[in-house]
Amino acid sequence: MSDCCSAPGLMPFHDALKQLLENVPTATKTQVIAIEDCLDRVLAADVVSPVNVPPHNNSAMDGYAFHSSALVGDSDSLLMVGRSFAGEPYSGKTEQGQCIRIMTGAKLPECCDTVVMQENTAINENIMSLTKAPKAKANVRYCGEDIAKGELVFSKGHKFSAIDLGLLASLGIAEVEAFAPVTVAVLSTGDELKSPGETLNEGDIFESNRFALLGLLARLNVNILDLGIIPDDKQAIRDAFIKADLEADVVISSGGVSVGEADYTKEILDELGTINFWKIAMKPGKPFAFGKLPNSIFFGLPGNPVSALVTFYQLSVPGIEKMQGQPYKAKTQFSAVSTTTLRKSAGRMDFQRALLSYNDEGLPEVTSTGSQGSGVLSSIGRANCFIVLSSDQGSVAAGERVIVEPFTSVFQ
Ligand code: AMP
Ligand code: MG
C-alpha cells in the first residue's frame with residue numbers, strides 16, 4: 001500500500017517498520033524442548049523426516065489383498081490363506097489364486113499389490129469371489145507417500161501450530177530445537193494512573209494499557225516482567241528503565257512519549273540509550289519511540305489506549321517476532337466495500353477499527369466500529385479488522401472499496 005505522502009517531519013509507517021526490523025537483533029539462543037511444549041514456539045533448526053509416512057504399504061480399505069497378476073475377470077474367486085490387521089501383519093506368502101483378508105491401515109505384504117473393498121466381494125467359507133474387480137494396484141497407500149524419509153518437514157523459523165505437534169509425533173520426533181523466548185518488561189507511566197481495585201482520586205483514571213499488553217504478550221509466548229505503574233518522575237522512570245534493561249530483552253513503556261511537560265520517556269531514553277525515531281505518520285499512534293538501551297530494545301508506546309495497542313500490534317509485534325526467530329510476514333489484506341462514510345485527512349496512514357462481514361451475495365463488506373478517537377478502547381474491542389487507509393487518501397464515501405486487514409490471532 002502506498003505511503004508516499006506523509007506529513008513533513010513524520011516518518012512513513014512502512015519506513016518505520018523497515019527500520020525497526022533492521023535494528024532488532026535476530027534470535028540466537030535456542031533450547032531443546034519436548035513436543036508437548038512446542039505450541040506457538042519457533043523452530044531453530046530445520047526438521048527433516050527420520051521415517052517414511054506411512055512406514056509401509058498399507059490398505060486404504062477393509063477388504064482382501066492379492067497380486068494383480070491374479071486378476072482375470074469380474075467373477076474371479078481366490079482362496080483366502082491368511083489375514084493382515086493393523087498392528088498384526090501377515091507374514092506368509094500368497095500364491096497365484098490366493099488372497100488374504102486385510103483391514104484399513106494394515107500392512108500390505110510384499111506379495112500383494114491390490115486391495116478389493118469388501119463391498120465388492122462375496123465370501124463362501126474361505127473362498128472370496130469378486131463381484132466387481134478392482135483396477136490393478138487399487139486401494140493401496142504407499143510407503144512414504146505422505147512424507148518421505150529425509151524430506152524437509154519444517155524450516156527454521158516455523159511457528160508450531162497444534163496440527164504441527166501431531167505431525168511431529170507422527171514422525172516419531174519427541175523433541176525439537178526451538179528459539180528461547182525473549183523476556184519483555186512492561187511498565188505504564190503516569191501520575192494519574194490507578195490499578196483496578198484502587199480508589200480514584202480526582203483526575204485519576206484506571207490504567208488499562210498494561211493489562212491489554214500483558215494479554216497480548218502472553219499470545220506471543222514471551223517471558224513477562226510486569227513492572228507496574230511508574231509515576232511521572234524522572235528518577236523513578238530512570239530507575240525503572242535501568243532495572244528493566246538489566247532483566248529483559250525488550251522494554252515496553254506506555255505514556256510520556258509526546259511533548260507534554262511530564263513526558264520524560266524520550267528524555268530518559270536519550271540519556272540511557274539511543275532513540276531511532278519517535279514520530280510516525282500513522283493514526284492512531286503518532287508518538288512512538290523505538291530505541292536501544294544498553295542491553296535491550298525499547299518500545300515507547302503512546303499513552304492513549306488505542307494508540308498504544310495499535311502501535312504495539314503493528315510495530316512492536318513484528319519486532320518481537322523477529323527477536324524470537326520468526327521471519328517477517330506481511331499481514332493479509334484484501335478489499336471490501338465500506339458500508340459507512342470514513343473520515344480521514346491526508347498525511348498519515350490510518351488504521352481504522354472495523355467489523356468485517358459478508359453480505360447476502362457472500363461478498364466482504366466492512367463497517368467502522370464508530371468513534372475512532374485514540375482513547376476509545378471499545379473501538380478495538382468491537383472490531384475484527386483494520387481498514388487501512390494510505391497517507392495520501394482522504395475521506396471515504398459509503399459504498400467505496402477500502403483495504404481491510406483482519407486481526408491476527410494476537411489481537412482476537
Ligand atoms: P501521555 O502519552 O502520557 O500523555 O498519555 C496520553 C493519554 O493516555 C492520557 O489521557 C493518559 O491519561 C492516557 N494514558 C496514559 N497511560 C495510560 C494507561 N496505562 N492506561 C490508560 N490510559 C493511559
Ligand atoms: Mg502521561
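The exercises below work through strands, a ligand site and a buried loop residue in a predicted model.

Local features in this predicted model need pLDDT of at least 70, side-chain atom pairs count only at pLDDT 80 or more, and totals for chains, interfaces and linings use all residues. Residues are numbered from 1 along each chain as its sequence is written, chains are lettered from A and ligands numbered from 1 in the order in which they are written, and side-chain values use heavy atoms, with hydrogens and water left out.

**Exercise 1. The open sheet**

Determine the strand order of the open sheet of six strands, and explain which strands stand at the edges.

Step 1. Strands are DSSP runs of E with at least two residues, numbered from the N terminus, and two of them pair if DSSP finds at least two bridges between them. On this basis the order is β8-β5-β7-β6-β10-β9, with mixed pairing.

Step 2. β8 (114-117) and β9 (121-124) each have a single partner strand, so one side of each lacks a neighbour in the sheet, and these two stand at the edges.

Step 3. Direction ignored, neighbouring strands of this sheet are turned by 40 degrees against each other on average, where the axes are lines fitted to C-alpha atoms and angles run from 0 to 180 degrees between N-to-C directions.

Step 4. At the β8 edge, β5 (residues 63-66) is joined to β8 by four bridges in an antiparallel arrangement, and Tyr64 is found opposite Val116 of β8.

**Exercise 2. The surroundings of ligand 1**

Describe the shell of residues around ligand 1 and its polar contacts.

Step 1. Counting a residue as near if one of its heavy atoms lies within 4 Å, one finds 15 residues around ligand 1, the closest being Glu192, Glu207, Ser208, Gly256 and Gly303.

Step 2. The shell divides into three nonpolar, nine polar and three charged residues, in a scheme that counts Gly as polar and Asp, Glu, Lys and Arg as charged.

Step 3. A polar contact is a pair of N or O atoms within 3.5 Å. An oxygen atom of the ligand lies 2.5 Å from a side-chain N or O atom of Glu192, a nitrogen atom of the ligand lies 3.3 Å from a side-chain N or O atom of Asn209, and a polar backbone atom of Gly256 is 2.9 Å from an oxygen atom of the ligand.

Step 4. Of the 480 Å² of accessible area that ligand 1 has on its own, the protein covers 77%, by the Shrake-Rupley method with a 1.4 Å probe.

**Exercise 3. Strand β21 and the loop before it**

Establish how β21 is covered, which strands pair with it, and where Ser296 is placed.

Step 1. Buried means under 20% relative accessible area, and five of the five residues of β21 (residues 297-301) are buried. Ile297, Phe299 and Leu301 point one way, whereas Phe298 and Gly300 point the other way.

Step 2. β18 (residues 250-254) runs parallel to β21 and is joined to it by five bridges, with Ile252 opposite Phe299. β20 (residues 287-292) pairs with β21 in the antiparallel sense over four bridges, with Gly291 opposite Phe298.

Step 3. The hairpin from β20 to β21 passes through four residues, and Ser296 has its place in this loop. Ser296 is buried, with a relative accessible area of 3%, and its side chain makes a polar contact with the side chain of Asp245 at 2.6 Å.

Conventions
A polar contact is a pair of N or O atoms within 3.5 Å; within protein, one must be able to donate a hydrogen and the other to accept it, and residues adjacent in sequence count only if both atoms are side-chain atoms. Buried means under 20% relative accessible area, exposed over 50%, partly exposed in between (1.4 Å probe, protein chains only).
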